[in-house]
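Student: I would like to go through this structure slowly with you, one question at a time. Could we begin once it is in front of us?

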Amino acid sequence: MRRALLLAGLSLLARALVAQTLEPAGIVSVVSTRVRSQLPSGTAQFSGAMVGGNGTLSFGRLQLAVSYVQGKVDSAGVGGPGHDLVEGSVLLGAQALPWLTLAVGPHARSYTLTSGTQRWVFWELRARAAAAFIGSAARGYVELWRALSADVNVPESFDHAQGGEAGMIIRFARAPLQARVAYRMDHTVLHGSLGGTRLETVDGLVVGFGVDWH
Amino acid sequence: MKRLVAWVAFLVGGAVGPRPAVGQGASGTFAEGIRAYQNLEFGRAAATLRRDLARLTAAGAPAADRVQGLVYLGAADLFRGRRDSAVAVFKRLVHLDPRFLPDRLVFPPEVTTVFDSVRALTKTVAILVPPDTQVAPGANNFGAWVVASSFQTVEVTLRYEDGAPFRSLYAGPIGDSLRVQWDGLDAAGQLPPVGRVLLRVASRAPTGEISTILQLPLDLRIVRPDTLDWPALPPPSAFLPERAGGRSAVRALLGGVLVSGAVLAIPSVVGGSGGPSGSRVAVAGTVGIAGMVGYLLHRPGRPLQANIRANQLLRDAWQQRVAKATAENARRRGDVRLAVHAGPASVIQPRAP
């Protein structure tokens, strides 16, 4: 009986998938990034431009999103040494409502310092609300995420992390092109073994341009 | 002499007459009379043929059914020595069918000579018209054949039912036959104002007197084709709104405000400690400006050019259909036809002076 139900479910899913078409989209972004690290000993702030891209592949209600950016952030103010920043994510999402997409997947970030490389890996749950608000040309979106778990190779222990992004995507009427402007921020809290708290905040302005075959 | 003639008649007529394939041979109606004629029993033949002809005439049989009996009756009367009676019978035969000629293989020259002389002196005609026809008035013509028994002068006219002249079609001599034509219009060039006219052919004797009048009624009916219905205007639901409503404008403004607010609120939502950020304000401002631009672009009452063009195409298509229907209706209104139904011909014998 269970096997029959499973087969029927798979059959329905397969039929639904066959009826869909792949809809790829890709965008090249420049991210003006600012990293603020608050330690009990003091606050360090870095900023710089990162370049990368992200792409999505939609298949019906399912969506696979991949992003990658890298760049160099320099110490702000005192002129200390900068370091390389690389960030990427792979998220598998599903459209719960026409305007709401839920996604889950790993989000990794690494800082290359003179003393070594810090690796931050978060397993995130994201919720993204998007809707057209200027005809069909401009879509606004707000995305929030929270880390379900994290793997960080720093002395402090991970407490929690969350972030968000909001902005708009402009689609051109006569070509499958899109432009994006957004603001993003994520905030991580870690606890030191001696009781201190470390706050890592990364925010930035995202400007992108790409193609969209939706 | 009479007996000799009878024998000749028997030898010539009798040898050929019985053949059923021959048109003027013995047939069902007059078989008994023809058999008596062939047996030289002219008295019995005449009596029998007269009886059969009277029965056919009373029954209103067509002329074609009676001519065979008449020619045998005339011949029988001739061989009985009753020439006047034979002439009267032949005259009646010529009036019935001016084209009729006795078969010269069946009837001896004595008969055919008398018949020919009667035919030459009898001035009458037959009118041949199609029973039902349609003509385009003024364009093509209604035609009728007038077939004469012999050379004569005829007047072919169309007349109202009360006998008043309607159109004169022909006046003059006729030899064997003549085709007369009518353009379907009255004397003023208009469509006939009446539903029936009479086609009348008056034959004149060589003395100039009218000898016979043959006329047949023509029932006229003006046929006007149906016109097309006026194309219906597209329903209001087919037209797109030509002025923008307020919903899109409000949506743009509200969306801009909401997204801008979300951008500004992100630090407090995620608990960040980034401090003041010019990029955040820049994004919020950009989105807000976009919302305001969207509001202006979609402001209420703004003419929607795409919809106006689409509606105009719809109206143009309707007007083209109207123009097409108007042209087609004009063509159909001009395509008037005259249906002519010919009734049975009747003979009017003018009174003796």
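**Strand pairing, core and contact**

Tutor: In this predicted model, we can start with strand E9 of chain B, where Ala339(B) is the bridge partner of Arg221(B).

Student: Which strand of chain B is joined to E9(B) by six bridges?

Tutor: We look for a strand that runs antiparallel to E9(B) and shares six bridges with it. Strand E2 (residues 132-135) of chain B also runs antiparallel to E9(B), but four bridges join that pair, among them the one between Asp132(B) and His341(B). The strand with six bridges is therefore the one covering residues 210-223, namely E8 of chain B.

Student: Which helix gives the largest share of the largest nonpolar core?

Tutor: That core has 34 residues, and those touching the most other members include Ala166(A) and Tyr183(A) as well as Val259(B), Val263(B) and Ile266(B). Val263(B) touches residues of chain A, including Gly167(A), and residues of chain B, including Arg280(B) and Ala284(B), when neighbours up to four places away in sequence are not counted. The largest share of the core, eight residues, comes from residues 247-270 of chain B, which form helix H7.

Student: How many residues on the side of chain A that touches chain B are nonpolar?

Tutor: Chain A brings 28 residues to the contact, and chain B brings 28 residues. Several strands of chain A each supply at least two residues of its side, including E1 (22-39) and E10 (197-212). On that side of chain A, eleven residues are polar and four are charged, while the nonpolar residues number 13.

Notes:
Residues are numbered from 1 along each chain as its sequence is written. Chains are lettered from A and ligands numbered from 1 in the order in which they are written. This is a predicted model: local features need pLDDT of at least 70, side-chain atom pairs count only at pLDDT 80 or more; totals for chains, interfaces and linings use all residues. Two residues are in contact if their C-beta atoms, placed from the backbone, lie within 7 Å. Ala, Val, Leu, Ile, Met, Phe, Trp, Tyr, Cys and Pro count as nonpolar, Asp, Glu, Lys and Arg as charged, and the others, Gly among them, as polar. A nonpolar core is a set of buried Ala, Val, Leu, Ile, Met, Phe, Trp, Tyr and Cys residues joined through C-beta atoms within 7 Å. A residue is buried if 20 or more other C-beta atoms lie within 10 Å of its own, exposed if 12 or fewer, and partly exposed in between; C-beta atoms are placed from the backbone. Two strands pair if DSSP finds at least two bridges between them.
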